[in-house]
Amino acid sequence: MPRSVSRFALTPRALAACVLLAALLPAGCAGVPSALAPVPAAQHLPARPPDDAAFAVRALLGRIQGAAPRGAGYAPEAAAALDRQPFAYPGFRVAAHSLLRYAAPPGAPQSRTASGRLVLADAHGRVAGLAYDVAYHLADGALVLDRALTAPVYRRAATVRAFLVPKDRLPPPAPTWEEAYATAGRLDAMPPGGLRTPHLLGTHALLLFVMERLHPEADLHLDIPIPEVAVPLDQVRLRAGAYADYDGWRVAVVVLSPGLTARAAADGGRKD
């Protein structure tokens, strides 16, 4: 059984690739905080993460990305855990930070523990979710991570960026997601108002970029309604092997025939 199912509705507006890029929050240029924030009363987490918790996240991501911020230190256990991360989120920055816990460990008032969820986004609008749990303290002008754990967070729905590419110019799989995205942009023939001429599907294919990072076992179900086609196009299921996977961001080629879909409706049957 697939662990999760993601559904995407590709309306003409979506086919026009009107994707809103995540508003990237600045990673923060403030240095190491000079003091730890007071621990709030239970059930009263601050609306905005304290400066020391925000810097701890910067230290965590910096280590994963290979560019630790100045003033960050790492205990051996924390460094080893972060260096084992299978994916380094290159080019991603924090777009949203939800603090779930902020406390002082028993008997260690000059230390803090924090956990939360991050939404990470890059300049193209790709998104990834990350949960974290850290413990840290201040020492000699540095914030030292004593413990650092992370886990991916996956969504059940996502944004799809669609390109309309001539079938005779479909590119082979690219070595990186960035190269695949740039090539699709050069080949894109999507009309300004979206796909409203169904005969284009006879000569073109849809090149789809799923902008959220998906679980490796997730199935993709695509509902593609095009009003000018006689009946709604059937749901397209992309099973493993039907797409290129770049560390969880999927790229799929969907070849559709509006004539075949219309005949299926006339016959009272259903064709995938």
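**Exercise 1. Find the turn between strand 5 and strand 6, and say how these two strands pair.**

Keep in mind that you're looking at a predicted model.

Step 1: Strand 5 and strand 6 make a hairpin, with 2 residues sitting between them. In that turn, look for Asp 140, whose phi is positive at about 55°.

Step 2: Now follow the two strands away from the turn. They pair in the antiparallel sense, over 11 bridges.

Step 3: Pick a spot to check. Ala 135 has Arg 147 of strand 6 standing opposite.

**Exercise 2. Work out the strand order of the 5-stranded sheet and find its edges.**

Step 1: Reading across this open sheet, the order is 2-6-5-4-3, and the pairing is mixed.

Step 2: Go to the ends of that order. Strand 2 (72-74) and strand 3 (93-103) each have a single partner strand, so one side of each has no neighbour in the sheet.

Step 3: Check the twist, which averages 35° from one strand to the next.

Step 4: See where the mixed pairing comes from. Strand 2 and strand 6 run parallel, joined over 3 bridges, and Gly 73 has Val 144 in strand 6 as its bridge partner. Strand 4 (residues 111-121) and strand 5 (residues 127-139), on the other hand, pair in the antiparallel sense over 11 bridges. There, Ser 115 is bridged to Asp 133 of strand 5.

**Exercise 3. Which strands do helix 2 and helix 3 lie across?**

Step 1: Start with helix 2. It lies across strand 2, strand 3, strand 4, strand 5 and strand 6 (142-153), and runs at about 70° to strand 6.

Step 2: Move on to helix 3 (residues 76-83). This one lies across strand 2 and strand 6, at about 30° to strand 6.

**Exercise 4. Trace the largest nonpolar core and see what surrounds Tyr 136.**

Step 1: The largest nonpolar core holds 45 residues. Leu 60, Val 134, Tyr 136, Leu 145 and Phe 209 have the most contacts inside it.

Step 2: Ask who supplies the residues. Helix 2 (residues 51-65) gives the largest share, with 8 residues.

Step 3: Zoom in on Tyr 136. Leaving out residues up to four places away in sequence, its contacts include Leu 36, Ala 53, Ala 56, Tyr 102, Leu 143 and Leu 145.

Step 4: Don't miss the second core, which is separate and has 11 residues, including Ala 162, Leu 200, Leu 201 and Leu 208.

**Exercise 5. Is Gly 91 buried or exposed, and what does it touch?**

Step 1: Find Gly 91 in the loop between helix 3 and strand 3.

Step 2: Its relative accessible area is 57%. The cut-off for exposed is over 50%, so Gly 91 counts as exposed.

Step 3: Look for contacts beyond four places in sequence: Gly 91 touches Ala 121 and Asp 122. Its C-alpha atom is also 9.5 Å from that of Leu 120, 29 residues apart along the chain.

**Exercise 6. Describe the 4-stranded sheet and the helix that packs on it.**

Step 1: This open sheet has the order 7-8-12-11, with antiparallel pairing.

Step 2: Its edges are strand 7 (160-166) and strand 11 (244-246), each with a single partner strand.

Step 3: Neighbouring strands here are turned by 20° against each other on average, direction ignored.

Step 4: Strand 7 and strand 8 (residues 204-210) are joined by 7 bridges, one partner pair being Val 160 and Val 210.

Step 5: Finally, add helix 4 (residues 177-187), which touches strand 7, strand 8, strand 11 and strand 12 (249-254). Its direction makes about 55° with that of strand 7.

Definitions and conventions: Residues numbered from 1 in each chain as written. Predicted model: local features only at pLDDT ≥ 70, side-chain atom pairs only at ≥ 80, totals over all residues. Heavy atoms only, no water. Core = buried A, V, L, I, M, F, W, Y, C linked by side-chain atoms within 4.5 Å. Buried < 20%, exposed > 50% of the residue type's maximum accessible area, 1.4 Å probe, protein only. Contact = heavy atoms within 4.5 Å. Pairing = 2+ DSSP bridges. Axes fitted to C-alpha atoms, helices over the stretch in contact; angles between N-to-C directions.
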